[in-house]
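Work through the exercises below with the sequence and the structure at hand, and try each task before you read its solution.

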Amino acid sequence: MAHEISFIFNGNAMKMNIEDHWTLLHLIREELGYTGTKEGCGSGECGACTVIVDDKAVNSCLYLAAEIDGKQLTTIEGLAAADGTLHPIQKSFVEKGGIQCGFCSPGMILSAKALLDKTPNASEIDIKEAIAGNLCRCTGYVQIIDSIKAVSGYGEDEPHVVAFKTDEGERGE
Amino acid sequence: MQNLCSVGKRVPKLDAVDKATGRVKYIQDLKVAGMLYGKILYSKYAHAKIVKINTTRARELPGVLAVLTGDDIPDIRMGVYKDNRPLKKEKVCSFRDEVAAVAATSPEIAEAALKRIEVTYEALPAIFDPEAAMKEGAPLIHEAHKTNVLKMPWKLHYGDVEAAKKEAAHTVEDRFTTTWVTHCCMGTSGAIADFDPANNLTIHTNTQIPSLAQKDFLEALKTMGISDRRVRVVKPCIGGGFGSKLDTYAYEYIAILLAFHTRRPVKIEFDRTEEFIATSTRQPTITHISQGCDQNGKLLFRDIAMILDNGAYTSWGATTPSVMMMPITTLYRVPNVRYEAKCVYTNNTYAQAMRGYGNPQATYAIESTMDMLAEAAGIDPVEFRRINANQPGDVSTQGLRITTCGLTECMHAVKEKLEWDRPRQAGEGIGMASLIHVGGGARVYKSDGCGTIIKMDDFGKIDLFTGATDMGQGSDTVIAQIVAEELGLEVDDIHVIHTDTDVCPWDVGSHASRTTFIAGNAALGAARKLKARILEMGAKLLESPLEKLNLQGRHIVHQDDAEKKMAIGKVLRKAHFSHGGQMLMAEHFYDPANENMGKDFRGNMSMTYTFGTHGVRVKVDEETGKVEILQYVAAHDVGKAINPLLLEGQVYGGVMMGVGYALTEQVISEKGQNMNPNFRDYKILTAKDVVPIKAPVLETYDEDGPFGAKGIGEPGCVPTAPAIANAIYDAVGVRIKELPITPERVLAAIREKKGLDLCGQAVDKGDADECIIEE
Ligand code: FES
Ligand code: FES
């Protein structure tokens, strides 16, 4: 059954005819054609499909499109400013190595945004908790956590990496 | 050391902004006009005859354009032994065997059509245990092969192991096993195949081997009766590789066949279940190992016999013993070595390359027994390793030439950063394990080469075409840094294109941690050629001797005369836009001087070797068997960190994958069937499992590496499991010889050690059978 819903999509009011069985992920990727939201499992286990509905990060693969009626939907495409300026979280992911293959990144960034919008001074524990449902196979999460920490008011820890270099040509014991 | 502007800097990945904004396109995001959707029907048996396949009802479904079975396709062969076909004929040998395929106008219709295909099977006796499969009379997986043991020559003996055994003051011997784990790329597999009217093929596919894949697909076309046509391989953005994309797969050929039959583009995209079930794993191993040393702790011999579960068909997994030979012969100085590996066909899923290419399995056995031997010899495990550490200038029994080697320094760093000598609480333990890996390419094929083409535009910007594959690790960025450094440009000036065989030069593939070294050297070679030409032109334009000129800050500059200076862009405009002009372009093919293994497997397979040591502090709960990682230090000798930010990313990612391998990950296979094809039950680590990690980097400046660099893609996950196993032993005195090291296994070992039964009761013959084990 099709019916009409209205919602705010990345800041713009929208009206749309949708089928009852559509997931929000389907609506975003197939109907609206925005492919930044990823499908990694389709069953709520990986977080690649994370979007923000009102203020909450949700797995769009489990969320029925019909339920978006009257709500605000933010996808990764809605994060940067109109002139292309990255959102501070995006910028931090770029600069701190939070992105490798990038497949988890849109979901990861949106989970982080939902967290920091609510808890600007999120601690490392808060951060880990907030992205626990977002799987990443590339980064080992370390630089993702760094990326989020750097924009939370909580402050940065010492770097994980300490270089110890032998002088050129000298090997030393 | 010269002053570096780009190399050595924490440059963000070139594609990170596009990835952070959701702009990049993975295979999941690609559509081609008129595209159909392909789906694959898999076997319902581990081993069975295909008696009949009825596709009539599937064909009748509106929207279905093609249904193919093994009988409808030509004899396209895949695998190292050419023992596999895209769609099986006559019999299936594992649950992941492709039996039929459908192309339809929507994925839903294709799925529905699969359900309408009726396959009649006649079950055959199946075999899942490689040791049983080796026995006389075991059911044969491939009858024509006459035995389940692959006829591969993995056998070496250097020195005299038997004599050394007699001489040894201390000897240890044990058996270690590892199981299936899988890559779990977050972006699932997929391909779009598309023929033009003249039968030239364009295939968009996730691959780490564009040039070799092109060759595989061309061969398939030939078998299909299409000769002398072109194959263009286009790579979308890749959602993770880790070795999984080092071969061509049935689904790619099926997409090609469906496209050919329907004359329409066909896309096949795996869902997560399929990704778990129908992609290849790291190969399980059974390792019998013994090592011995003299009174002073000097290693005298290492003797290893290994059995690998190859699964039903051959892929690169079957060749991993070749890489295992490297740690087996050369991790530490060991004068007498014997190794024999048997890869065995079973009705299980077939194995492939996965980060480390056999090295994690071999190192698990080697480094676990190194600790055991140290204990037997009464020597501190770190000191024991130090005594035997490789040194620069060594040539191992296998003929591996150690150029730079920071192994001793890495051990030292681990000791220091982990505070090795700090007193430990009850249940706390520390452990260490080291690694050697190819760091300067790996000559596994006849070529270990990679090509680069660079061209410069009128404004001094570069388009660089490389054969390398960036699947997230950041090779594009590293290549750009190298070229920017050489040409005095900014990293932003370099646009790297690696996605299309129509424009990109040849490369053997992104494997063996070779890309920074090989593709980096190829790019550097091309940049040098271009630089020479720019300087030559500059010498004329600035009327200065060539030797005085250099490229810096996007300009040609004169060493002693600050006035003599010209923007590189200006030089280019003059080159292009003048009478009798010239084009500024350069190409370079770099194929290193490393060696193929000879008949006896001797040969310096890599130009240089990466070394590293991992150390870990764990806490083991004796009541539950749970292992907690308190501290992790992963020290690597990387030659030179071209980009410390990305380097750390490789190490952290590798270590976390290694921790998963050690503690949580396993494909649960029951009679050949994958019982946990989802992220709920297949446990890759989450952000909550992140371990406190330090990754010290040692720079030994390898003279063959670009700006001194060696490869670092794989090492992070190589010694993780033995380091953890050694720490667990240190903590609670039990040695776990089976991966993954689950709480159940630790607990069982603790109880066994304490003389308790599995329920934690003192073993008393009278009521032993009252113990009920609850799942
Ligand atoms: S795709 Fe939604 S959680 Fe994985
Ligand atoms: S960056 Fe590849 S999955 Fe996270």
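A disulfide is counted here when two cysteine sulfur atoms lie within 2.5 Å of each other. Keep in mind throughout that this is a predicted model.

**Exercise 1. Cysteines**

Find how many disulfides the rule counts over all chains, and explain why B:Cys410 is not bonded to the closest cysteine sulfur.

*Solution.* Begin with the sulfur of B:Cys410 and look for the closest cysteine sulfur, which belongs to B:Cys405 and is 8.2 Å away. Next, compare this distance with the cut-off of 2.5 Å for a disulfide; the two sulfurs are too far apart for a bond. Then turn to the surroundings of B:Cys410, which has a relative accessible area of 0% and is therefore buried. A second cysteine, A:Cys46, also counts as buried, because its relative accessibility is 2% and the limit for a buried residue is under 20%. Over all chains, finally, the count of disulfides comes to zero.

**Exercise 2. The contact between the chains**

Describe the contact of chain B and chain A, starting with how many residues each chain gives and going on to the area that is buried between them.

*Solution.* First, count the residues: chain B brings 66 to the contact, while chain A brings 51. Second, consider the area buried between the two chains, which is about 5,000 Å², with 60% of it coming from carbon and sulfur atoms. Third, look for charged pairs across the interface, where the rule finds six salt bridges; one of them joins the side chains of B:Glu665 and A:Arg137, with 2.7 Å from N to O. Fourth, add the polar contacts, for which 22 residue pairs are found across this interface, both residues being at pLDDT 80 or more.

To see which parts of chain B are involved, note that helices H1 (16-20), H12 (407-417) and H16 (644-663), together with strands E30 (693-694) and E31 (697-698), each supply at least two residues of the side that touches chain A. Of these, H16(B) gives the most, with eight residues. Sorted by class, this side of chain B has 33 nonpolar, 18 polar and 15 charged residues.

**Exercise 3. The build of chain A**

Work out the order of helices and strands in chain A, and state what share of its residues is buried.

*Solution.* Start by counting the elements of chain A, which are five helices and five strands. Then follow them from the N terminus, where the order reads β-β-α-β-β-β-α-α-α-α. Lastly, turn to burial, for which 52% of the 173 residues of chain A count as buried.

Methods:
Residues numbered from 1 in each chain as written. Chains lettered and ligands numbered in written order. Predicted model: local features only at pLDDT ≥ 70, side-chain atom pairs only at ≥ 80, totals over all residues. Heavy atoms only, no water. Contact = heavy atoms within 4.5 Å. Buried area = accessible area lost by both parts, 1.4 Å probe. Salt bridge = Lys/Arg side-chain N within 4 Å of Asp/Glu carboxyl O. Polar contact = N/O pair within 3.5 Å; in protein donor to acceptor, adjacent residues only side chain to side chain. Helix = DSSP H or I, 4+ residues; strand = E, 2+ residues; numbered from the N terminus. Nonpolar A, V, L, I, M, F, W, Y, C, P; charged D, E, K, R; others polar. Buried < 20%, exposed > 50% of the residue type's maximum accessible area, 1.4 Å probe, protein only.
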